[in-house]
Amino acid sequence: MTVPAHHPAPELLLDYAAGSLREVQSLLVAAHLAYCPDCRAQVTELEACGGVLLSDLPPEPVSDSLFGTLMTRLDTTIAAPAPVPTPAGKSLFPGPLRRAIGAEPEALEWVRVVPGVHLSAWGVSAGTASACLLRMAPGSRVPAHRHTDSEMLLVMKGGFSDEFGAYRVGDVASYDTGTPHHAVADADGECLCLLVQDQPLVFTGLLGWLLNRGFRF
């Protein structure tokens, strides 16, 4: 496996290590770490630094009843979440995403945006942020659009190119508000990405008025 060339921003790794990164962004960073030894090492170092800082903090006074309250909560029976079935055999998805989705691409439902470009019916959202999968046939092009907030793409199969570079398995492409780009899948195979965005994008061009009525993308 090749080492990724495009990574999440350093502040995202810091927030991830501190446990303060939002859910959908955290899912993308966790999946990227499965591909990237450099970012894993950075997160490990940041977590170690955080542990040192916590150990240096002076103790905070607590109430006499705190211990009893904690023990009561621990004794309370909490309903366990429904187990997510683990796909048999080797999965295309890295561990964190495999656990979140619970199925392989072939078992998911897909919605066609334009010929060759599909979005997964699977998705997660938290507030205005959301994540889903983007699947592009060889050589297909995502319709022209602009971003109303930030967007990130993690490549998990194949690759794509746009005005800012070429992205392969494990790479993270990041776009700021208002950044236009025209992603085109590599011609030699299908491209599969995890798409994370803070706000829906707006399609432009001739099909924009139609696509904006049919998709949150």
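A nonpolar patch is made of residues with over 30% relative accessible area and no salt bridge, whose nonpolar side chains (Val, Leu, Ile, Met, Phe, Trp, Tyr) are joined within 5 Å. The model is predicted, so local features need pLDDT of at least 70 and side-chain atom pairs count only at pLDDT 80 or more, while totals for chains, interfaces and linings use all residues. Residues are numbered from 1 along each chain as its sequence is written, and side-chain values use heavy atoms, with hydrogens and water left out.

**Exercise 1. A patch on the surface**

Work out which residues form a nonpolar patch on the surface, and where V62 lies.

*Solution.*
Step 1: The patch consists of V62, L66 and L70. Together they have about 260 Å² of accessible area, a value from the Shrake-Rupley method with a 1.4 Å probe, where for residues only the protein chains shown count as cover.
Step 2: Place V62, which sits in the loop between α3 (37-56) and α4 (66-75). Helices (H or I, at least four residues) and strands (E, at least two) are DSSP runs, numbered from the N terminus.
Step 3: Check its cover. V62 has a relative accessibility of 58% and so counts as exposed; buried means under 20% relative accessible area, exposed over 50%, and partly exposed in between (1.4 Å probe, protein chains only).

**Exercise 2. The overall picture**

Find how many helices and strands the chain has, and what share of its residues is buried.

*Solution.*
Step 1: There are six helices and eleven strands in the chain.
Step 2: Of the 217 residues, 40% are buried.
Step 3: Turn to the surface, where the chain's accessible area comes to about 12,200 Å² and carbon and sulfur atoms account for 59% of it.
Step 4: Look at the contacts (heavy atoms within 4.5 Å). Among contacts in the chain with a separation of 6 or more, 62% are between residues 24 or more positions apart.

**Exercise 3. Helix α2**

Is helix α2 (residues 23-33) largely enclosed by the rest of the structure or largely open?

*Solution.*
Step 1: List the buried residues of α2: V24, Q25, L27, L28, V29, A30, A31, H32 and L33.
Step 2: Draw the conclusion. Because nine of the eleven residues are buried, the helix is largely enclosed by the rest of the structure.

**Exercise 4. Salt bridges**

Trace the network of salt bridges that includes R135, then find the partner of D198.

*Solution.*
Step 1: Recall the principle: side chains of opposite charge can pair when their charged atoms come close. A salt bridge is a side-chain nitrogen of Lys or Arg within 4 Å of a carboxyl oxygen of Asp or Glu, and the whole structure has four of them.
Step 2: Start with D198, which pairs with R22, their closest N and O atoms being 2.9 Å apart. D198 lies in the loop between β10 (191-197) and β11 (202-203) and R22 in the loop between α1 (10-18) and α2, so the pair ties together parts 176 residues apart in sequence. D198 is buried at 7% relative accessible area, whereas R22 is partly exposed at 45%.
Step 3: Move to R135, which forms a salt bridge with E190 at 2.8 Å between the closest N and O atoms. R135 is in strand β3 and E190 in the loop between β9 and β10, so this pair ties together parts 55 residues apart in sequence. R135 counts as buried at 17% relative accessibility, and E190 as partly exposed at 23%.
Step 4: Extend the chain of pairs. E190 also bridges to K157, with closest N and O atoms 3.2 Å apart. K157 belongs to strand β5 (residues 151-157), 33 residues from E190, and is partly exposed at 32% relative accessible area.
Step 5: Put the pieces together: R135, K157 and E190 are linked in a network of salt bridges.

**Exercise 5. Cysteines**

How many disulfides does the structure hold?

*Solution.*
Step 1: Apply the cut-off, a pair of cysteine sulfur atoms within 2.5 Å. The structure holds zero disulfides.
Step 2: Examine C36. The closest cysteine sulfur, in C39, is 3.6 Å from that of C36, too far for a bond.
Step 3: Do likewise for C191, which is in no disulfide, with the nearest cysteine sulfur, that of C193, 3.6 Å away.
Step 4: Check burial: C36 is buried at 0% relative accessibility, and C191 is buried with a relative accessible area of 0%.

Key: Patch = residues over 30% accessible without salt bridge, like charges linked within 9 Å, V, L, I, M, F, W, Y side chains within 5 Å.
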